[in-house]
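User: I'm new to reading protein structures. Could you walk me through one, a feature at a time?

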Amino acid sequence: SLSKLQLKTGDLDPRLFSRLRHLQKLDLSDNLLDKFPNSLTLPDLRVLNCNNNKLEDVTALKQFPLLEELTYENNVYLTLNDDYKVMFLLQNLRLLNGKDITKLANHVRRVNSHKLTSKVTAHWKKFFSDQLPEKYTAEQVKSIKKKFLKSVQTNVVYGPSSLSEFTRWRVKMIAEEFLANSLGLELNSDTEPEEKTDENEEESTESPREAAEDVAQVGDFSSYISNVTVTPSKRKRNHSKSSPGNKRSKTQANTEEEAEEDVSAEPLHFLQCHSKGNSREDFKTQLWSCVFEPVLDSGARKDPIVSSSRTVATCGGESVCLIDCETGTVLKKYKVATEEFFSVAWTTLTMVISDSRKKAHNILAAAGRRGIVKLIHVAADFCYGEIKAHKKPIATVCFSPTQETHLFTASYDKRIALWDIGIPDCDYNFKASQLLVLETASIPLRIALVPTCPEQYLLAGCEDGCFAWNIKLDKGQKSRPFEAIFQFPGEESLTTSHRVDGLAFLNDDVVVSKSSKPGCIYLWSWSKSFDAKGKGCQRTMSAVILAELEWSTTDMSYLTLSTCPAKEYVFCGDEKGSVWMYNLSTYTTGWGSPKGKRSERRISPTQILTWPELRVNGEQPPEILVNNVVADPAFTYLVVLTSVNITAIWKKS
């Protein structure tokens with residue numbers, strides 16, 4: 001028994017364990033193990049207990065071929081897919097988590113394997129057998145192997161969607177064996193976990209679940225746009241002031257300095273993963289919001305990218321998806337048949353899982369038309385609760401950067417509410433409470449907390465202006481009117497009345513906002529515009545404009561903007577599928593100085609990424625609006641959400 005010793009994976013020394021050649025029972029319960037080393041070599045092990053650990057993968061258990069009894073309850077990352085994997089890998093296993101699995105395991109090993117083998121073989125014969133010439137080069141073999149493995153994992157479907165990860169894992173294994181045995185094509189076995197290496201997931205045939213069935217499922221459906229022709233094209237701006245007539249013309253860089261500003265982003269993936277009823281013909285579902293997952297310091301995720309996360313949550317229609325930007329894999333999909341999701345936001349909560357041990361976990365909040373916030377523990381594939389926040393749709397949500405349980409919800413009921421969502425216990429019981437209600441004069445569309453004082457001031461872009469509230473909780477007053485409304489240059493004079501559908505901070509002080517004035521994005525100073533010393537509410541203040549960004553002349557609303565503060569970039573999509581990118585690093589120092597002057601002329605985009613020539617089944621998609629575009633904190637990936645149910649992922653090269 002090695003129970004309750006705070007053991008981590010590195011503490012299991014193979015040199016020591018390999019000497020325990022007659023050990024039959026091993027108890028490793030109540031430790032901190034996230035995986036098993038591959039070479040423990042316990043050749044006679046029959047009974048293994050790993051309850052209450054942090055295991056993320058079970059495939060290393062195949063090194064114990066005589067194992068008869070296995071328990072690994074309360075390992076939050078293990079799912080039904082892992083149960084099926086151990087049933088297949090351990091031929092002598094009788095008891096799994098206290099249940100007799102003999103019958104089911106036989107079915108998994110025999111019937112399931114037979115069916116999948118038939119499907120894999122048929123897939124080869126139908127689509128690939130005539131692609132390999134009689135005399136072939138190593139390069140041709142490599143190419144066809146890669147294509148076949150990708151295709152077979154995408155198209156071979158069997159069993160319920162909740163087992164899709166196991167099915168993909170087995171299909172890949174069977175396909176590799178088939179290529180090696182039948183065709184003599186030896187494969188270098190890929191040791192990467194399946195979640196990361198798959199470029200695709202299969203379409204499932206299950207009907208949309210009712211709203212009550214809110215458990216997130218891995219691999220419901222993701223679809224690459226089939227038969228895609230992609231021709232990337234990029235446009236650069238020269239910095240001469242252009243007249244409105246030639247705003248959208250193709251221009252070339254005139255100087256070496258401008259040539260260096262080429263951002264060089266290439267299209268990586270085009271995904272159609274928010275389709276209503278999993279329909280491949282759905283090019284109408286609007287995609288609205290995306291946020292990159294925070295990196296957990298503890299490295300709990302299976303693929304921690306140390307510098308920046310590559311996992312993004314996207315929402316639109318009835319679903320929320322979790323996408324690996326590098327591989328284009330839809331890692332998870334969560335669906336509510338009666339919902340239309342408008343906004344998602346991440347927070348990291350320190351939760352007690354068992355034995356009073358605490359661990360950081362990422363929680364995703366998703367909200368939309370029904371006015372309900374869904375709280376999802378992503379690693380556990382579990383929607384553990386909901387908050388009935390508003391009686392009208394929720395336009396946007398965001399978490400406080402300093403108080404991890406504080407969530408703001410902005411609704412069509414003309415209110416912004418602050419909630420404490422609480423921390424769920426080991427049984428996912430939690431208590432949410434409303435702390436504050438901010439009254440808005442019109443529908444709030446975008447919200448941002450002021451970076452220098454996120455517990456004191458909130459800024460909101462609304463249907464009829466830009467407003468600020470004092471949100472300090474020690475004031476006692478639970479329902480509050482706005483403290484300030486900002487006026488901006490209008491057609492002829494200053495105006496407060498305009499739709500603000502884009503709002504974000506570029507750094508601690510510079511606000512970026514987009515209004516209904518065509519062709520213009522404003523950059524303005526929070527500290528120079530907001531008079532914190534003034535008394536009273538509902539004061540009018542003039543926004544101190546630092547610069548204007550040249551943008552599309554469209555009058556189309558709700559094409560929102562975003563910023564990448566670490567790289568000092570602003571992004572905004574337009575009505576033609578293009579992404580306008582502005583590198584403002586050469587301007588910010590000047591704006592931040594006490595005598596910071598306004599940039600006299602409009603700042604042209606550093607680069608415009610134009611929508612590639614993308615043909616779906618031979619046809620161009622209809623009019624493409626870019627509703628949202630977001631970069632990860634390190635600006636490695638750019639995720640573009642469109643009005644035609646296509647998520648485009650660009651990678652900075």
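**Reading the model step by step**

Analyst: Let's start with one residue: Val-171 is found in helix α5. Helices (H or I, at least four residues) and strands (E, at least two) are DSSP runs, numbered from the N terminus. Before we go on, this is a predicted model, where local features need pLDDT of at least 70 and side-chain atom pairs count only at pLDDT 80 or more, while totals for chains, interfaces and linings use all residues. Residues are numbered from 1 along each chain as its sequence is written, and side-chain values use heavy atoms, with hydrogens and water left out.

User: Is Val-171 buried or exposed?

Analyst: Here's the general idea: buried means under 20% relative accessible area, exposed means over 50%, and partly exposed is in between (1.4 Å probe, protein chains only). Val-171 has 0% relative accessibility, so it counts as buried.

User: And what does Val-171 touch?

Analyst: A contact means heavy atoms within 4.5 Å. Leaving out residues up to four places away in sequence, Val-171 touches Leu-116, Val-120, Val-152, Gln-153 and Val-156. You can also check a plain distance: from Val-171 to Tyr-158 is 9.9 Å, C-alpha to C-alpha, and the two are 13 residues apart in sequence.

User: How do I get a picture of the whole protein?

Analyst: Try a few totals. The protein has 9 helices and 37 strands. Of its 653 residues, 56% are buried. Among contacts with a separation of 6 or more, 58% are between residues 24 or more positions apart. The accessible surface (Shrake-Rupley method, 1.4 Å probe; for residues, only the protein chains shown count as cover) comes to about 28,300 Å², and 49% of that belongs to carbon and sulfur atoms.

User: Which residues have the most contacts inside the largest nonpolar core?

Analyst: A nonpolar core is a set of buried Ala, Val, Leu, Ile, Met, Phe, Trp, Tyr and Cys residues joined through side-chain atoms within 4.5 Å. The largest one here has 35 residues, and Phe-36, Leu-48, Leu-61, Phe-64, Leu-70 and Val-86 have the most contacts inside it. Helices α2 (80-89), α3 (102-127) and α5 (164-183) each supply at least two of its residues. The largest share, 5 residues, comes from α2.

User: Why is α2 described as largely enclosed?

Analyst: Count its buried residues: 9 of the 10 residues of α2 are buried, so the rest of the structure largely encloses this helix. Those buried residues include Asp-82, Lys-85, Val-86 and Phe-88. Take Val-86: leaving out residues up to four places away in sequence, Val-86 touches Val-58, Leu-61, Leu-70, Tyr-72, Leu-93 and Leu-96. For Phe-88, look at the ring: Arg-170 lies over its face, 3.8 Å from the ring centre. A charge sits over a ring if NZ of Lys or CZ of Arg is within 6 Å of the ring centre and within 35 degrees of the ring normal.

User: How many aromatic pairs are there?

Analyst: Rings of Phe, Tyr and Trp (its six-membered ring) pair if their centres lie within 6.5 Å; planes under 30 degrees apart count as stacked, over 60 as edge-to-face and the rest as tilted. Searching the whole structure gives 28 aromatic pairs. One of them is the tilted pair of Phe-148 and Phe-178, with 6.3 Å centre to centre and 50 degrees between the planes. Phe-148 is in helix α4 (residues 138-155) and Phe-178 in helix α5, so this pair ties together parts 30 residues apart in sequence. Phe-148 is buried at 0% relative accessible area, and Phe-178 counts as buried at 14%.

User: What about Phe-270 and Trp-611?

Analyst: Those two make an edge-to-face pair, 5.6 Å centre to centre with 80 degrees between the planes. Phe-270 lies in strand β7 (residues 265-271) and Trp-611 in the loop between β34 (607-610) and β35 (626-631), so the pair ties together parts 341 residues apart in sequence. Phe-270 counts as buried at 6% relative accessibility, and Trp-611 is buried at 11%. Ring pairs can also form a cluster, and one links Tyr-457, Phe-486, Phe-488, Tyr-522, Trp-524, Trp-526 and Phe-530.

User: Which feature does UniProt place at residues 387-421?

Analyst: The unreviewed UniProt entry gives "repeat: WD" there. UniProt positions are in the numbering used here, feature names are shortened, and annotations may be inferred rather than shown by experiment. In the model, the end C-alpha atoms of residues 387-421 lie 8 Å apart, and the span is 0% helix and 57% strand.
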